[in-house]
Structure formats: structure tokens, C-alpha cells
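Q: Please take a close look at a single part of this structure: the pairing of oppositely charged side chains. I should like a connected account, with each term explained.

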Amino acid sequence: MTKNAEKISKINTKSFKEEFSQLKVTIFFILKVLTCASSAEKKFQLMRKTIFPIIGLMTFISVILNLPSAMENGKTDALPSCMVMFSAGILITFRAVAVSLYVEKIRGLINWFEGMEEDAFWASLGIPVEQRLRSTLHYLKIVIKCIASAFFSTLQMMLLKFYLSDILLFYIPIQSRNYKFVLQYFILSSMAIFVVASEALLLVLGFFFVGIINIFLDAVKKLDEAEFIETQQIPMKTYQKRHVEILKKLKDLEDIFSGIQTAQLATSFPMMISTFYLIRIYPNEIIYYIMSINIIAQFFIICLFGEFINSKTEKIFATLYLTRWYDMKNDNQMILMMMMR
């Protein structure tokens, strides 16, 4: 009991910097794998970045080549299932391309998140930055665990369904049925790992960006305190610098999200139509309901995140307007007006 209590206390006393450093190592490893950057050398950099997109391209080409065989078997659920995998292959290709294109921006955002706690500006205002960031990391871990559990549980049920129904989704030039399903298991598991990894990456970027906006909003609310306005020399120039920094990083985040959101939008509708068709012809098959819920949830997570970040950014301008700007000096009022544009 004593040893367990000591272990729990060690976990609880771990600082945000230590926890985020572990997360950063994991994220940078994922980026290295996705861009095939095994070393610091810059040789064949473009070629390495195209490896995962090519693998995704080969996946949905394999599904296309398997379509004639799926149609010949006469199984009504084979063709819609192939359409779902075809769309998933396109999604993986575009996600891999987006990550490869914006890998430096992703690294820049992660490093920016890490350095936020050490910024002396927040400490001078008495903003509980570590508490905010620890809370963000805590909820982020819960959401990622829930999504990963739901996704991999669904995958196992899909694999069992396809095996029992004798549905092959990919063109595999091997005669043995068992070997074909083993390879199908490997392909689908690899696709699932990639999707969960890229989804987790987006969640990290989104969660921490919202957390930093909340920290800045806490700082802006200080400008509405009469005691703060009257007794301190207001660091409005620093406020303006931090605001510009957030807007610049927001542009990087929008670039990353827009590329992935476009791919998600283009592929989610075919997947939804296919799963709804499967539900209609097989209303008693629970797996198809679970598949449709996963597809819809994956689509709306990105849309909701984008909308939430946008509303939080707009809230900055409203909060700035609601401060005691009328009690400030003229030069501080001018800076505040520039921030509100």
C-alpha cells in the first residue's frame, strides 16, 4: 500500500514541463515516421515525404482492383464496404500529404506550446499558466484514449464481420484464403493506426491552442480590474506582441486544419452514404451503426474544433472592448484599438 501511494504521489507531482516533454517526443517521433525522416540528412527529403502518400494511394488502387471480384461474388455488402475503404484510402493519402507539407509548422506550434509556461509575462500578471496547461493536457489525454478505444474496438468488430462474411476489400494476389485475411488484417490495422495518430496530432494542436487563447483571455480580463489599471504600469506593448503572436500561430493552425478538413469533407460523404446503405439492407447488423457513428464523429470533431477556435479568437476582441479602456492613457488606448481591428 505504501509503495503504491508513493508511485501515485510521484505521478501527481510530475510537472507540466516533464509531461509535455514526453508528449513532444512522441509527436516528433510520429512526424519522423510519417515523413520518413530517419536522420538529420536532407538528401532525398522530397522523396521521403512522398512514401506515406504513395502507400495511401496504393491502398485505394488495391480496393479499385478488387471491385470486379467483389461484384462477381454477388454479396450486397461487399461493394459498399469496398467504397468505405476506398474513401478511407483517399483520406489517408491527403492526410499524409498535409502532414508532410506542414511538418515544420506543426513542430513550430509544439515548441511554442512548450515555451508558453516559461513566459515571464504571464507570471508578472499572476496568471496560473501551469494550472491551465496541466488541465488542458489532462482532458486531452482522456479524449485521445476514448477516441483510440472506440476506433480500435470498431476495427476489431469490422475485421470479424468481414472474416465471417468472407468479404475481401483489397486485391491480394494470393490463393490461400487465410493468408488473404491475415494481410487484410495487417492493412486495416495499419490504416487505423495512421488515422488515430493523425487524429491525436490534430487534437493536441487544437486543445493547446484553445488553452493558450484562454490564458491570453485571463490576461485581458486583468485590464478590466480597476486596481490593476490604477496601480500598475500597464504593459500594453507586451499585450500587443502576444496578441500578434497568437494570430500568426493561428494562421499556421488554419493552414494545417484546412488541408485535412478538405480531405475529411471529400471522403466522409461517400463513407456515410455507403454505411447508411449497409444499415438499410442490414438493419440488424450493429457493426454498421457503429461504423457510421465513428465516421460522423470523425467528421464533426474537425468541424467543431475549427468553429470553437474561431469563436474563442473572436472572443478576444469582445473581451478587449469590455475592459476599462476609458481609464487608460492615450498611448495604451491606441494600442488597444489596434488589437481590436
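A: The following account begins with the whole chain, turns to its salt bridges, and ends with the nonpolar residues.

This is a predicted model, in which local features need a pLDDT of at least 70, side-chain atom pairs count only at pLDDT 80 or more, and totals for chains, interfaces and linings use all residues. Residues are numbered from 1 along each chain as its sequence is written, and side-chain values use heavy atoms, leaving out hydrogens and water.

The pLDDT, which is the predictor's confidence in each residue from 0 to 100, averages 80 over the chain, and 87% of the residues score at least 70. Confidence is lowest in helix H1 (residues 2–12), with a mean of 46, and highest in helix H6 (residues 103–116), with 90. Residues 1–11 have a pLDDT below 50, and beyond near neighbours in sequence this stretch makes zero contacts in the model; a contact means heavy atoms within 4.5 Å. The chain has 13 helices and zero strands, where helices (H or I, at least four residues) and strands (E, at least two) are DSSP runs numbered from the N terminus.

A salt bridge is a side-chain nitrogen of Lys or Arg within 4 Å of a carboxyl oxygen of Asp or Glu. Twelve of them are found in the whole structure. One of these joins Lys 105 to Asp 255, with the closest N and O atoms 2.6 Å apart. This pair links distant parts of the chain, since Lys 105 lies in helix H6 and Asp 255 in helix H11, 150 residues apart. Burial is judged by relative accessible area: buried means under 20%, exposed over 50%, and partly exposed in between (1.4 Å probe, protein chains only). Lys 105 counts as partly exposed because its relative accessibility is 30%, whereas Asp 255 counts as buried because its value is 15%.

A second salt bridge joins Glu 285 and Lys 161, at 3.1 Å from N to O. This pair also links distant parts of the chain: Glu 285 is in the loop between H11 and helix H12 (286–321), and Lys 161 is in helix H8, 124 residues away. Glu 285, at 26%, is partly exposed, while Lys 161, at 15%, is buried.

A third salt bridge is formed by Arg 324 and Asp 327, whose closest N and O atoms are 3.1 Å apart. Arg 324 has a relative accessible area of 23% and is therefore partly exposed; Asp 327, at 39%, is partly exposed as well. Salt bridges that share partners also join Lys 105, Lys 251, Asp 252 and Asp 255 into one network.

Helix H11 (residues 236–281) also holds His 243, which is buried because its relative accessibility is 3%. Apart from its neighbours within four places in sequence, His 243 is in contact with Phe 216, Ile 316, Phe 317 and Met 339.

The nonpolar residues complete the picture. A nonpolar core is a set of buried Ala, Val, Leu, Ile, Met, Phe, Trp, Tyr and Cys residues joined through side-chain atoms within 4.5 Å. The largest core has 92 residues, of which Phe 113, Phe 208 and Tyr 239 touch the most other members. Helix H9 (residues 177–221) gives the most to this core, with 21 residues. Across the chain of 341 residues, 45% are buried.
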